[in-house]
Amino acid sequence: MIPSIHKQGSKTSGLIRYLYGPGTREEHIDPHLVAAFDPLTPDPGRNPQATFEQLQQLLDQPLNALPKQRRPDKPVWHLSVRTAPEDPILSDEDWAAIARRMVAATGIAPDGDERACRWAAVRHADDHIHIIATLVRDDGRRPRRHKEARRAQTECRSIEADYGLRRVAPEDGTAAKQPSRAERHKAERLGQKAASRELLREHVRRALAGAANEAELFDRLAAEGVRINKRLAPSGDALGYKVAKVGDRNGDKEPVWYSGSELAPDLSLPRIRKRFAATADMPEPPEALEHSGASAPARARHFAAEATETALASMTSHDDGTAAAQLIGVGEVLDALAQTTPGSMRAELREAARHFERATRSHTRAKDEEIYALRRAANQIVHSGPALGRGQDGAATALVLDVMILAVIAAARWHAARSHAQQAEAAQRTADHLRAAYQATTATPLATLRTYGRRLPTQTQQRHTHTVRTAVPHLADRLQAEPGWDALTAMLDQADRAGHDTATLLTKAAAQRELDSADSVSDVLVWRLHHLGYVTPPASAPRSQRPRTAPAPVPATAAVAHQVVNRPRRR
């Protein structure tokens, strides 16, 4: 159940006519009163003798009793309360009880207060009601509405439990402001997929992902077609900024501007500058990742996997400030991947990044200096350009998604342990989208590896089976029973061809993190071996450089596996 306190109005009559009218799109059905401060309150919806003017005069009576100089400029209070689509339809009696609880919780009409504000609750749809009230009590005083929005949310959580409704995660005050009903209706008229506020928030987050400084941030925003208005000091330095969508104008034909802080608490210019200060120097990738056998997008994704692995360890530590910073960094890497990953995976990654945005904010103060590695990884992903959906780029994308899934699951557990309900739910939704992107990314390369593994000579397959039973005996039976066994065999064969000690490599891969929660242990080990083969020097010369009596040709279907591990040896 979602309560929304709307902007205060100046005229009771205007809101009454809207609530009892047909609606902006003829969506109002059978408008009628379900409850009010007085049981004898006239209902223009179902009583032919009752009029809008009678209801308005009754509600405004305490206001009109005051001298004009004491009347508030905007005395009309408006609250809507809406159930979820999957909730059962509540009766008028249920909504009447809910209305009384809401006006009591918000301070409009506390229980037992006979001189409280006057109010009325109107229902014109199955799933919500509107409550209108005048902000002058019968005794002439103003109501006490301190933290009314938070108290309304708290009461809705209690109502959900009492009526068996969908349980909404409690709010903690760190979420970005959601668009109003008017903003959503305007977006529909403009043909936008979302309200301007939401679209601009995504634009700024994508532009911020890995940006080295303000100049790069604003350049990226301009490149996406976003209008920018900087507030400048006499020195010429920016004090703040506002952004607007092209074509989004107000009644005066002026652009509708949103400041960074109006989009989200952490998108104000001072908060953004704190990120930049913590990552002022972003050097090129380390030499260990700069061999000629990998493309720039693949190198960037391998580095991101390494940085995310480190972040995983931080999320299980007792340093909340470090973990909070790593969550922000993971969000930037997700935004960077969403910009540079091709095909259907991009849509899933954008949804993942949009959900995880909520998981990056809590009341825990982040240690900004701890975000360095992940921001650097995001920077490299963006500057390396679009990745291909196949070959080494596709394999590297699968690798980083595998690690990202574990990272957001760890984030969900971290938030849940600290009672951050909304953030934990957002992280879980992120994991769902990442799994979908992972499945789409890995389908082709894993199929290629499985074909290659099945075509290996029987003697070679037996050798790799022995390696598995020696290195990970506790996993051997499960691995051999999985559909991914042939892909794992193929990866071990390519690691062997590249000169790696496959038993040592496999042992290390299995020990990196727990595997019990994996849907396919063999698939997870394939990508871990892929990454370890990328960053670990071979134990000996590649087999192609060793003397042997019978050559072992690489089938054409092994192209992906060959690119994954069989690379130039680092010095």
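Here is a quick tour of the fold, its empty spaces, a small sheet and one helix.

Keep in mind that this is a predicted model. The chain packs in 21 helices along with 8 strands, and its C-alpha atoms fill a box of roughly 105 × 60 × 45 Å along the principal axes. Of the 571 residues, 54% are buried. Looking at contacts between residues at least 6 apart in sequence, 73% link residues at least 24 apart.

**The largest cavity**

- A search of the whole structure turns up 2 cavities of 30 Å³ or more, and the largest has a volume of about 90 Å³.
- General background on how such spaces are found: a probe the size of a water molecule is rolled over the atoms to show where empty space is left.
- Three helices each put at least two residues into the lining of the largest cavity: helix 6 (196-208), helix 11 (320-340) and helix 12 (344-359).
- Helix 11 has the largest share of that lining, with 4 residues.
- By type, the lining of the largest cavity splits into 6 charged, 4 nonpolar and 2 polar residues.
- If you want to find the spot in the viewer, residues lining the largest cavity include Arg-205, Asp-266, Arg-275, Glu-332, Asp-335 and Glu-357.
- Also in that lining are Leu-208, Ile-328, Gly-331, Ala-353, Phe-356 and Thr-360.

**The second largest pocket**

- The second largest pocket has a volume of about 670 Å³.
- Its lining runs to 26 residues, and the ones nearest the centre are Asp-402, Ile-405, Leu-406, Ser-517 and Ala-518.
- Helix 10 (296-315), helix 14 (391-417), helix 15 (421-454) and helix 20 (521-535) are the elements giving two or more residues to the lining of this pocket.
- Helix 15 chips in the most, with 7 residues.
- The lining of the second largest pocket breaks down as 12 nonpolar, 9 charged and 5 polar residues.

**A three-stranded sheet and a nearby stretch of sequence**

- An open sheet is built from 3 strands in the order 6-7-8, with antiparallel pairing.
- Strand 6 (227-232) and strand 8 (258-259) are the edge strands; each has a single partner, so one side of each goes without a neighbour in the sheet.
- Strand 7 (residues 238-244) pairs with strand 8 in the antiparallel sense over 2 bridges.
- For a landmark on that pairing, look for Lys-242, which stands opposite Ser-259 in strand 8.
- Ser-268 sits in the loop between helix 8 (260-263) and helix 9 (269-278).
- Is Ser-268 buried or exposed? Its relative accessibility is 14%, which is under the 20% cut-off, so Ser-268 counts as buried.
- Setting aside neighbours within four places in sequence, Ser-268 is in contact with Tyr-241, Gly-260 and Ser-261.

**Helix 18**

- Helix 18 covers residues 485-497, which makes 13 residues.
- From first C-alpha to last, helix 18 reaches 18 Å, close to the 18 Å expected at 1.5 Å a residue.
- Why is helix 18 described as largely enclosed by the rest of the structure? Because 13 of its 13 residues are buried.
- After helix 18 comes Gly-499, which has a positive phi, near 100°.

Definitions and conventions: Residues are numbered from 1 along each chain as its sequence is written. This is a predicted model: local features need pLDDT of at least 70, side-chain atom pairs count only at pLDDT 80 or more; totals for chains, interfaces and linings use all residues. Side-chain values use heavy atoms; hydrogens and water are left out. The expected span of a helix is 1.5 Å times one less than its number of residues. Buried means under 20% relative accessible area, exposed over 50%, partly exposed in between (1.4 Å probe, protein chains only). On a 1 Å grid over the protein atoms alone, a cavity is a set of points where a 1.4 Å probe fits but cannot get out, and a pocket is an open set with protein on both sides within 12 Å along at least five of seven lines; lining residues have an atom within 4 Å of a point. Grid points are joined across faces, edges and corners, and a volume is the space filled by probe spheres set on the points. Ala, Val, Leu, Ile, Met, Phe, Trp, Tyr, Cys and Pro count as nonpolar, Asp, Glu, Lys and Arg as charged, and the others, Gly among them, as polar. Contact means heavy atoms within 4.5 Å. Two strands pair if DSSP finds at least two bridges between them.
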